[in-house]
Amino acid sequence: MPDWKKMVEENLPTGRFRGELAADIQAEIADHLEDAYQEALRLGATEEEAVERALAEVDDWEALAERIARSRRDATEGWAAMEVETSEVALRRRGGPWNAAADVLQELRFTLRRLGKAPVFTAAVLLSLGLGIGANTAIYSVVKGVLLDPLPYPDPDRLVAVWNSAPGAGQDLVRQSFALNAVYEDDARAFESVGIWGPSFSTLDGPDGPEQVPAVQVTHGLFPVLGVQPVIGRGFTFEDTQTGSPRTVILSWDTWTRRHGGDPAVIGRTVVLGEIPREVIGVMPEGFRVMDQPAEYYHPFRYTKAELTLTQFTLRSIARLREGVTPGQALAEMEGLLPVAAERYPGGVDLKTLREMGAAPVLHPLKADLVGNVGEVLWVVLAGVAIILLIACANVANLLLVQSESHERAVAIQSALGSSRRRLVLRFLTESVTLGGLGGAVGVGLAVGGLALLRSLGPADLPRLQDIDLDAGVLLLAVLLSLGSGLALGLLPLARAWRLDLCAALKEGGQGTGTGRSRGMVRNAFAVVQLALAMILLVGSGLMIRTFVSLSQVSPGYSDPERLLTFTATDVTTQDDADVPEAHRALAERLARLPGVEAVGLTTTVPMGTGAGFDPIYVEDFPLPEGQQGPIKRFKWIGGGYHEAIGNPVVAGRAITWDDVRELARVVMITEGFAREVWGDPARAVGRRISTGFGPGNWREIVGVVGDVRDDGLDQDPVDIVYWPMAIRDYWPEISDRDALFVQRSMTYVVRSGRTGTPGFLEEVRREVLASFPGRPLVGVRTMASLERDSLARTSFTLVMLAIAAAMALVLGIVGIYGVISYAVGRRTREMGLRMAMGAEPGRVTRMVLRQGLCVALVGVASGMVGALGATRLMRAVLFGVSPADPLTYGATATVIVGVALLATWVPARRAARVDPNEALRAQ
Amino acid sequence: MFSPTLKKGSAELLILSLLEGRERHGYEVAKLIRERSGGRLSFQASSLYPVLFRMEKRGWIKGMWVERDGERRRRFYRLTDKGEAALARQRATWREFTLAVNLVVEPSHA
């Protein structure tokens with residue numbers, strides 16, 4: 001008597017069912033077979049016949065298990081399937097073209113069911129496509145918001161930034177002066193309006209003492225340039241900007257809602273800012289910003305128009321061109337107005353000097369000024385993620401080909417049963433478009449998350465961060481990418497199925513038909529492409545890493561930036577200008593006595609800070625021809641001990657001391673580059689004399705030379721700087737009295753201490769400062785390290801983006817090569833078995849597989865190198881200290897890729913070696 | 001003899017009707033279908049049990065292991081309230097369907 005229970009246990013695969021359920025099913029089927037066997041015997045069959053009769057109850061054990069599993073699933077999905085079925089039925093009843101729609105719905109249903117049954121495959125595809133589409137969507141929305149979208153002002157194409165150039169004085173780009181701006185205001189017909197703006201601070205009385213908030217200063221013409229008016233109240237008039245007129249202020253929308261409860265009666269109210277009462281005259285619209293500058297308050301610049309001189313070219317100016325006027329026409333008019341300015345506002349630069357400097361107006365499109373050269377970075381990053389999408393599509397194409405092969409038999413049957421070509425096309429396209437669509441949905445989700453992360457990180461160097469949005473244009477791109485990749489990917493399995501040899505497919509039971517060789521080559525080609533693309537991205541990241549390292553190795557003109565605390569403190573209380581330096585010195589001394597402080601120094605601006613002065617320099621030893629203006633150099637005014645505090649060693653001579661300041665000594669210091677340029681050797685510069693002014697004369701002695709300072713940023717060339725004592729008599733006698741004292745009341749302090757950044761240290765510093773200069777908060781509190789980080793922000797942003805892209809590419813590429821090799825191994829199981837049955841050692845088989853993987857990897861790396869050489873050329877603008885063809889980077893990357901590829905090949909190789917020769921021979 | 005689709009469509013109706021008012025186990029159901037249709041309809045285990053399990057998952061029938069005297073443990077199925085409602089629905093649909101087909105197929109007596 002046969003043991004039916006055992007028989008069922010051996011034949012029915014119950015992997016899909018949990019323990020007790022499996023036992024129940026087995027028991028029930030066994031019962032059924034037992035009953036069939038017994039009945040057959042009762043009806044007079046022989047033992048064998050009875051057994052046969054019972055066995056006939058189950059034709060295909062595998063199929064039975066599958067059907068049971070499916071029936072349990074279908075039971076719960078029955079509702080959804082029925083819904084779709086009825087709409088299909090309804091469509092078919094309408095007939096005609098609606099049949100096609102019904103076909104599509106049916107294919108959709110089949111596709112969803114097929115995808116649901118292969119969750120690993122579906123997850124792999126959706127993740128790959130999601131990463132690719134998501135990355136592209138996110139970066140494109142950044143590119144769009146920052147580079148492509150117009151500025152958020154009416155008629156933004158007519159907005160220009162107003163600059164000047166003075167090539168004769170070595171200055172390519174110089175800012176604007178109040179006097180020249182006034183001339184444009186009055187006489188330039190090419191401009192509808194023109195104005196000046198500048199970032200600033202307002203000091204509020206807060207609960208913890210004075211609080212500084214960002215603000216913007218403007219001339220009365222600035223808001224008309226932007227075409228934006230206050231929503232309540234009025235804008236600034238010319239009167240508001242003239243000294244002596246009542247003080248006014250305009251609120252930002254946020255400030256109005258937050259600090260004044262959104263009360264319309266705020267107009268006419270008085271607010272006290274910086275201890276000065278001001279009348280609120282207006283509120284700006286929600287979301288308004290001047291050139292991306294955050295501001296709580298808008299103040300008017302205040303000057304006396306009649307007393308302006310053509311000097312102080314340090315201001316930011318923008319203008320709105322009149323309708324129909326081109327920048328060229330405007331420039332022509334502006335050039336003609338330069339001499340007018342020199343005549344109308346004497347006491348500054350005169351006409352002769354203008355001509356010598358080759359002074360000329362310059363106009364930039366305003367967006368270009370705002371965006372700067374972040375565009376270079378963004379396009380590089382966009383190229384990077386486009387590559388990611390290609391890799392993802394290659395991966396998915398691979399996966400689809402694998403899947404199409406395992407479904408070969410089903411497709412063959414479908415075709416043999418009369419399914420038309422049209423139906424085949426519909427099947428493959430529906431599947432791939434569905435995958436594309438779902439992948440796109442995943443991608444959009446990832447993009448939304450990624451953008452939120454980006455906005456919260458807020459890379460300092462990324463302008464218009466608030467304009468980045470996932471708007472209709474970006475979503476359209478996502479949809480196009482999804483559909484596009486879906487359609488493209490569908491063509492591959494379709495092409496294969498088109499040429500399918502039906503007979504062979506039906507016969508061989510899906511183990512492989514047709515040209516296995518060509519199929520393998522297509523596979524390998526995909527893996528090669530993926531690895532090549534991954535190589536390109538890795539090389540890009542590697543070059544950025546080298547850039548970063550190079551930047552960190554330049555000598556910036558300071559040392560130990562994490563130990564350097566900087567802030568600006570202003571002396572408003574000391575009555576007499578002559579006493580101000582002593583007040584600052586006293587504070588510096590008190591700070592130096594705080595525990596943990598090693599040195600304290602003062603300057604008007606720290607390296608990479610803003611607001612340095614600049615003026616012409618004359619060298620006594622090398623006089624210029626009569627009337628020629630000297631080269632423009634950067635000026636900073638310092639207290640004693642500055643260079644020691646900031647860590648810039650004196651190369652020759654000595655540093656400026658507090659004694660020099662107190663005695664108003666006629667001394668200066670210069671940077672090494674300047675010294676070498678003029679005297680060849682820094683030591684020879686010591687004791688020589690230089691001066692500033694409209695012409696030579698007024699000499700002062702160079703007492704010391706310090707190391708070069710990369711004042712414009714670590715990735716920029718060092719700048720020539722002249723250091724002056726913070727108090728100077730007889731500074732510009734052409735303009736002021738010979739006895740007048742030129743004194744800096746606002747100084748930036750540099751405190752060197754190991755306690756910088758620790759809690760409590762800043763509090764101690766703050767207490768000392770407020771004790772010396774009450775009522776004025778510390779402004780611009782930063783460490784040199786954070787200033788340095790900002791200067792490197794662009795580089796680190798590029799590096800992070802490329803590194804992420806490269807990591808994604810590498811992961812996708814490795815998955816690709818693993819898939820390729822492991823599938824190839826699976827197909828050649830028989831061959832492996834044969835070889836080992838005939839005496840080959842497992843080691844040989846492993847090596848054979850490894851060789852195949854190595855081959856693919858090497859070809860991928862080689863093509864990747866060629867591609868990288870071309871692609872990295874585009875990165876020149878963001879690289880520093882490393883060439884786009886750097887051999888170290890290429891070599892290291894190639895090694896990494898080959899190594900990881902071999903690792904990915906190792907697993908299938910080991911599996912191949914462990915194939916049981918008997919099983920392999922049997923399997924069919 | 002009949003196409004697989006036809007058999008599949010009516011399997012539920014056949015099984016439900018056989019469970020009306022009585023508990024039966026799987027083999028019994030298959031046997032009755034074969035005998036009562038005069039051998040015209042037959043369901044093998046491969047076809048029967050997926051349908052049984054599906055209807056059980058839907059809550060139309062309930063299966064229980066029962067041990068009767070002198071017999072081995074067997075799984076018996078009975079109709080639930082939901083199943084009775086489903087049976088009524090399917091019977092009605094079946095009658096309408098066959099009526100409709102007959103109206104088309106038989107020559108009309110005008």
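This report covers confidence, salt bridges, aromatic pairs and charge–ring contacts in a predicted model.

**Confidence**

The mean pLDDT of chain A is 83, and 88% of its residues score at least 70. Two stretches of chain A stay under a pLDDT of 50: residues 77–84 and residues 508–515. For residues 77–84 the model has four contacts beyond four places in sequence. For residues 508–515 the corresponding number is 12. Where pLDDT is low, the predicted coordinates should not be read in detail.

**Salt bridges**

Over all chains, 47 salt bridges are counted. Among them are the three pairs in the table.

| Acidic residue | Basic residue | Closest N to O distance |
|---|---|---|
| A:Asp471 | A:Lys144 | 2.9 Å |
| A:Glu582 | A:Arg585 | 2.8 Å |
| B:Glu28 | B:Arg24 | 3.2 Å |

The salt bridge of A:Asp471 with A:Lys144 has its closest N and O atoms 2.9 Å apart. Because A:Asp471 sits in the loop between helix H15 (421–457) and helix H16 (472–498) of chain A, while A:Lys144 belongs to helix H6 (residues 119–148), the pair ties together parts that are 327 residues apart in sequence. A:Asp471 is partly exposed, at a relative accessible area of 28%. A:Lys144 has a relative accessible area of 13% and is buried.

The bridge between A:Glu582 and A:Arg585 lies within one element. Both residues belong to helix H19 (residues 580–592) of chain A, and because they are three residues apart there, about one helical turn separates them. A:Glu582 counts as partly exposed, with 35% relative accessibility. A:Arg585 counts as buried, with 18%; the cut-off for buried is under 20% relative accessible area.

In chain B, B:Arg24 is the partner of B:Glu28. B:Arg24 is buried, its relative accessibility being 8%.

Salt bridges also join into a network in chain A, which links A:Asp155, A:Arg158, A:Glu192 and A:Glu323.

**Aromatic pairs**

Across all chains, the structure holds 21 aromatic pairs. One of them is formed by A:Phe635 and A:Trp724, whose ring centres are 5.2 Å apart and whose planes meet at 45 degrees, a tilted arrangement. This pair links distant parts of the chain, with A:Phe635 in strand E15 (residues 632–638) and A:Trp724 in strand E20 (residues 721–725), 89 residues apart. Both A:Phe635 and A:Trp724 are buried.

A:Trp637 and A:Phe742 also form a tilted pair, at 5.7 Å centre to centre and 50 degrees between the planes. A:Trp637 is in strand E15 of chain A and A:Phe742 in strand E22 (residues 741–743), so this pair ties together parts 105 residues apart in sequence. A:Trp637 is buried, with a relative accessible area of 9%, whereas A:Phe742 is partly exposed at 29%.

A single aromatic cluster in chain A is made up of A:Tyr153, A:Phe223, A:Phe236, A:Phe288 and A:Tyr298.

**Charges over rings**

In chain A, the charged end of A:Lys633 sits over the ring of A:Phe674, at 4.8 Å from the ring centre. In chain B, B:Arg73 places its charged end over the ring of B:Trp65, 4.0 Å from the centre.

How values were computed: Residues are numbered from 1 along each chain as its sequence is written. Chains are lettered from A and ligands numbered from 1 in the order in which they are written. This is a predicted model: local features need pLDDT of at least 70, side-chain atom pairs count only at pLDDT 80 or more; totals for chains, interfaces and linings use all residues. Side-chain values use heavy atoms; hydrogens and water are left out. A salt bridge is a side-chain nitrogen of Lys or Arg within 4 Å of a carboxyl oxygen of Asp or Glu. Helices (H or I, at least four residues) and strands (E, at least two) are DSSP runs, numbered from the N terminus. Buried means under 20% relative accessible area, exposed over 50%, partly exposed in between (1.4 Å probe, protein chains only). pLDDT is the predictor's confidence in each residue, from 0 to 100. Contact means heavy atoms within 4.5 Å. Rings of Phe, Tyr and Trp (its six-membered ring) pair if their centres lie within 6.5 Å; planes under 30 degrees apart count as stacked, over 60 as edge-to-face and the rest as tilted. A charge sits over a ring if NZ of Lys or CZ of Arg is within 6 Å of the ring centre and within 35 degrees of the ring normal.
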